[in-house]
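Got the viewer open? Let's take a walk through this model, one selection at a time.

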Amino acid sequence: MEKSFYSQYQEIILSQYPETHSLLPKIPWKHIVFPEVIKISSSIFHQMAKVVSAIYSLKSDKEYLDFLKSHLESGVCLPHPQDSVLMAYDFHLDSSGAPRLIEVNTNGAGFLITDAVYQTQGIADKKPLEELIQSFQEEWNKFQQGGKTLSKPSPEKVALMDENPFQQKMILEFLMYKKIFQRLNWSADIYDSKDLKEDSDGFLRDGQGRRVDFVYNRSTDFYLEKSPHLQRAYRQGKACFSPHPSEYFLLSDKARLCDWGFHKGKWPSLKDIVGNLIESQILTENNADWAWENKKKLFFKISQGHGGQSAYRGKTLTRKKFSQLRQGLALFQEYIPPPVFRDSSGQEWKFDLRAYAYQGHIQQIAARCYKGQVTNFQEEGGGFAAVKFV
């Protein structure tokens, strides 16, 4: 079964994304995609959709925006007319089966990987991919309506940007996105953030002098602090960035999880999803002793970590590591164990549910199956799996 699934999966990838041909034999597929379908109650999907919609609506809540203006990070423009493509909302299921929001991401990986998984499982729907492609077009249209640059029907060049992109585990998906942009008749290439330079007018140029008008931003330098030329281009409207720093600040910075939990009665849109949020607090000198004493019931993260980076189950946290967290910007959360799936061979896998969304609307759901502490698929395999709601 597994051999059949993985071989079929590669055939689908190759037929639709021929640019990936040289890469396919090198990919550890058993650490990227998962060969079984996770079945979930349809009521869970409806609850997840409600959470995603409620959180997105905060962007138009004046009280919420006013509250955050006193916390502005560098690189953030508020208000900002654009949304962000490929928002990803990650959920665990609690003991009652209710989805609990663990994290919000502005550069969620895996959408195209998962789309091919659904095709391999024979339960594909064309709508998610069509909606994703349209969301890129919508971002460009909104940017054009801002009127800061000469109106163009399409970007001169799209940069699929990350730090050291060809060293990234998900480079396969970057090659897939090049093909996706071709469907929009957009010219796209993969760039390291250092490859893009600023011209005398503040526009971005690649190494061949071509102007980059659209940046599909997968960098985890969320506020573009390591790349001031990119931050300037974003702030001055010299290029369309999506995802972008302002969306990260509004919805995805882990400090927002703390704000939503602490001020849950402050913003009306959150009142109906309080039971789907989890208690989160910034780690401070005032609560550090309590957090250490209760660490077995908590999960700890650095505030701008990603991909399981610097995330620790409290029961395994050492005093040394806890001291390091106290010295930086970190938070702790109520620990909601991941649900468990038993595969056809009887093995147990942890998983979470990732909802990819645009403008508060879920476009696709993936399960991320794993063993170990975090969803990085490194320890014993796992990967993106299809979800069937029943």
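Start by selecting helices H3 and H9: where they cross, the crossing is right-handed. This is a predicted model, so keep that in mind at every stop. Two packed helices are described by the angle between their axes and the distance between the axes. Here H3 (residues 62-69) and H9 pack at about 125°, and their axes are 13 Å apart. That makes H3 and H9 oblique to each other, because the angle falls outside the ranges for roughly parallel, roughly perpendicular and roughly antiparallel. Which residues make the contact? Turn on side chains for Tyr-64, Phe-67 and Leu-68 in H3, then for Arg-256, Asp-259 and Trp-260 in H9.

**Next stop: an antiparallel sheet**

Keep H9 on screen and add strands S11, S14, S12 and S13. They form an open sheet of four strands, in the order S11-S14-S12-S13, and the pairing is antiparallel. Which strands stand at the edges? Those are S11 (280-282) and S13 (311-313); each has a single partner strand, so one side of each has no neighbour in the sheet. Look along the sheet and you can see the twist: on average, neighbouring strands are turned by 20° against each other, ignoring direction.

Now go pair by pair:

- S11 and S14 (residues 330-334) run antiparallel and are joined by three bridges. Click Gln-281, and opposite it in S14 you'll find Phe-332.
- S12 and S14 pair over five bridges, in the antiparallel sense. Lys-301 has Leu-331 as its bridge partner in S14.
- S12 and S13 are antiparallel too, with three bridges between them. Here Phe-300 is partnered by Tyr-312 in S13.

Is S12 enclosed or open to the outside? Four of its five residues are buried, so S12 is largely enclosed by the rest of the structure.

What packs on this sheet? Select helix H11 (residues 319-327) and you'll see that it lies across S12, S13 and S14, running at about 50° to S12.

**Zoom in: Gln-333**

Stay with S14 and pick out Gln-333, which sits in that strand. Is Gln-333 buried or exposed? Its relative accessibility is 2%, so Gln-333 counts as buried, because anything under 20% does. Now show Ile-102 as well: its backbone oxygen lies 3.3 Å from a polar atom of the Gln-333 side chain. Leaving aside neighbours within four places in sequence, Gln-333 touches a whole list of residues: Ile-102, Leu-257, Ile-278, Glu-279, Ser-280, Lys-297, Leu-298, Phe-299 and Lys-301. Colour those and you get a picture of what surrounds Gln-333.

**Over to the parallel sheet**

Hide all that and select S5, S4, S9 and S10. This is another open sheet of four strands, ordered S5-S4-S9-S10, but here the pairing is parallel. At its edges stand S5 (188-192) and S10 (240-242), each with a single partner strand, so one side of each is left without a neighbour in the sheet. Neighbouring strands here are turned by 25° against each other on average, direction ignored. For a closer look, take S4 (residues 158-162) and S9 (residues 214-217), a parallel pair with four bridges. Find Ala-159, then look across to its bridge partner in S9, Val-215.

**Two loops to finish**

Select Leu-24, in the loop between helix H1 (2-16) and strand S1 (38-40). Leu-24 is in a loop, yet with 6% relative accessibility it counts as buried. What does Leu-24 touch? Not counting residues up to four places away in sequence, its contacts are Gln-10, Ile-13, Leu-14, Trp-29 and Leu-172. Try the distance tool between Leu-24 and Leu-298, one of the residues touching Gln-333: the two C-alpha atoms are 39 Å apart, and 274 residues separate them in sequence.

Last, click Gly-97, which is in the loop between strands S2 (87-93) and S3 (99-105). Gly-97 has a relative accessible area of 26%, so it is partly exposed. Draw one more line, from the C-alpha of Gly-97 to that of Leu-112: they are 15 residues apart along the chain and 28 Å apart in space.

Methods: Residues are numbered from 1 along each chain as its sequence is written. This is a predicted model: local features need pLDDT of at least 70, side-chain atom pairs count only at pLDDT 80 or more; totals for chains, interfaces and linings use all residues. Side-chain values use heavy atoms; hydrogens and water are left out. Two strands pair if DSSP finds at least two bridges between them. Axes are lines fitted to C-alpha atoms, for helices over the stretch in contact, and angles run from 0 to 180 degrees between N-to-C directions. Contact means heavy atoms within 4.5 Å. Buried means under 20% relative accessible area, exposed over 50%, partly exposed in between (1.4 Å probe, protein chains only). A polar contact is a pair of N or O atoms within 3.5 Å; within protein, one must be able to donate a hydrogen and the other to accept it, and residues adjacent in sequence count only if both atoms are side-chain atoms. Angles under 35 degrees count as roughly parallel, over 145 as roughly antiparallel, 65 to 115 as roughly perpendicular and the rest as oblique. A crossing is left-handed if the near helix is turned anticlockwise from the far one by less than a right angle, and right-handed if clockwise.
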